[in-house]
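This report covers the pockets, the cavities and the strand pairing of one chain. Sequence and structure come first.

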Amino acid sequence: MSKRQVKVSIYRYNPEVDAKPYYKDYDIELDPLDTKLLNVLMKIKDLYDDSVSFRRSCREGVCGSDAININGRNGLACLTDISSIKGTIILRPIPGLPVIRDLVVDMTQFFNQYHSIKPYVIDDLPLPERERIQSPEDRAELNGVIECILCACCSTACPSFWWNPDKFLGPAALLHAYRFIADTRDQATNERLDELNDPYRLFRCHTIMNCADVCPKHLNPTRAIGKIREIMVKRAV
């Protein structure tokens, strides 16, 4: 199998030494086994420029740590096929969050919004002897939401989150909010709905569906947000 050349242009910014961000180009020779974008990033860091900063961990699309903007679209470097990218590969940090260095962003606001929805089952009933049982139908309602890996691809593709990151929870947090509202083991549905019933926290979603378009796990936060709204309407009538 023959080798191939690719050009990679990476957003560079070290606030300790750089007056402003810039792009640096790398001409990379790929081996046949360099099939994923993360392979390319690691090759750049190992062989071309060890100052390039990015996050990565599991390399299997599970940890979500290597979320970046790839030619204008958010995605995971470890799941992105090099063959799917035509021309120069342009890599930027995921938008809407402060840049710490190069492709590494500050996730504090994202996780603040996630933790604000109380992402755990709330149940003050006496503990059962073994476990809290769900029917197969009740458990199936959680499919399509529990697979979220909190990579932030969806929230950082959402204009409402860019504009109001301290007020609008964002697609990821709202997806998890629905996950616990829909969980039959949770006893705090009304309290959760009360906390979401706010002009910003929930209702800044304009259903443009950027979140569903970029989710690497093929989830649909817009649908979950719509279900929360439906539950609110049913509760009000």
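## Second largest pocket

The second largest pocket holds about 150 Å³ of space. Its lining draws two or more residues each from α5 (171–181) and α8 (221–236). Helices (H or I, at least four residues) and strands (E, at least two) are DSSP runs, numbered from the N terminus. The largest share of this lining, three residues, is from α8. The lining consists of E141, N143, G144, V145, L175, Y178, H218, L219, N220, R223, A224 and K227. By class, five of these residues are nonpolar, four polar and three charged. Ala, Val, Leu, Ile, Met, Phe, Trp, Tyr, Cys and Pro count as nonpolar, Asp, Glu, Lys and Arg as charged, and the others, Gly among them, as polar.

## Model and method

The model is predicted: local features need pLDDT of at least 70, side-chain atom pairs count only at pLDDT 80 or more, and totals for chains, interfaces and linings use all residues. Residues are numbered from 1 along each chain as its sequence is written, and side-chain values use heavy atoms, with hydrogens and water left out.

Pockets and cavities are found on a 1 Å grid over the protein atoms alone: a cavity is a set of points where a 1.4 Å probe fits but cannot get out, a pocket is an open set with protein on both sides within 12 Å along at least five of seven lines, and lining residues have an atom within 4 Å of a point. Grid points are joined across faces, edges and corners, and a volume is the space filled by probe spheres set on the points.

## Largest pocket

The largest pocket contains about 310 Å³ of space. It is lined by 16 residues, and R73, N74, G75, L76 and T80 are the closest to its centre. At least two lining residues come from each of β4 (73–76) and α7 (210–214). With four residues, β4 gives the largest share of the lining of the largest pocket. This lining comprises eight nonpolar, six polar and two charged residues.

## Cavities

Two cavities of 30 Å³ or more are counted. The largest cavity has a volume of about 80 Å³. Among its 14 lining residues, C148, L150, C151, C154 and C215 lie nearest its centre. The lining of the largest cavity has 13 nonpolar residues, no polar ones and one charged residue.

The second largest cavity holds about 40 Å³ of space. Its lining is made up of I117, A177, R192, E195, L196 and R201. Helix α6 (residues 189–196) supplies the largest share, three residues. This lining has three nonpolar, no polar and three charged residues.

## Strand pairing

Two strands pair if DSSP finds at least two bridges between them. Strand β1 (residues 4–12) and strand β2 (residues 22–30) run antiparallel and are joined by nine bridges. β1 is also joined to strand β5 (residues 89–92), in parallel, by three bridges. S9 faces a partner in each of these pairings: D25 in β2 and I90 in β5. I10 stands opposite L91 in β5.

β5 also pairs with strand β3 (residues 67–70), antiparallel, over two bridges. In this pairing N69 is opposite R92. In a regular strand the side chains alternate between the two faces of the sheet. In β5, I89 and L91 point to one face and are buried (under 20% relative accessible area, 1.4 Å probe, protein chains only). I90 and R92 point to the other face and are not buried.

Note on methods
Buried < 20%, exposed > 50% of the residue type's maximum accessible area, 1.4 Å probe, protein only.
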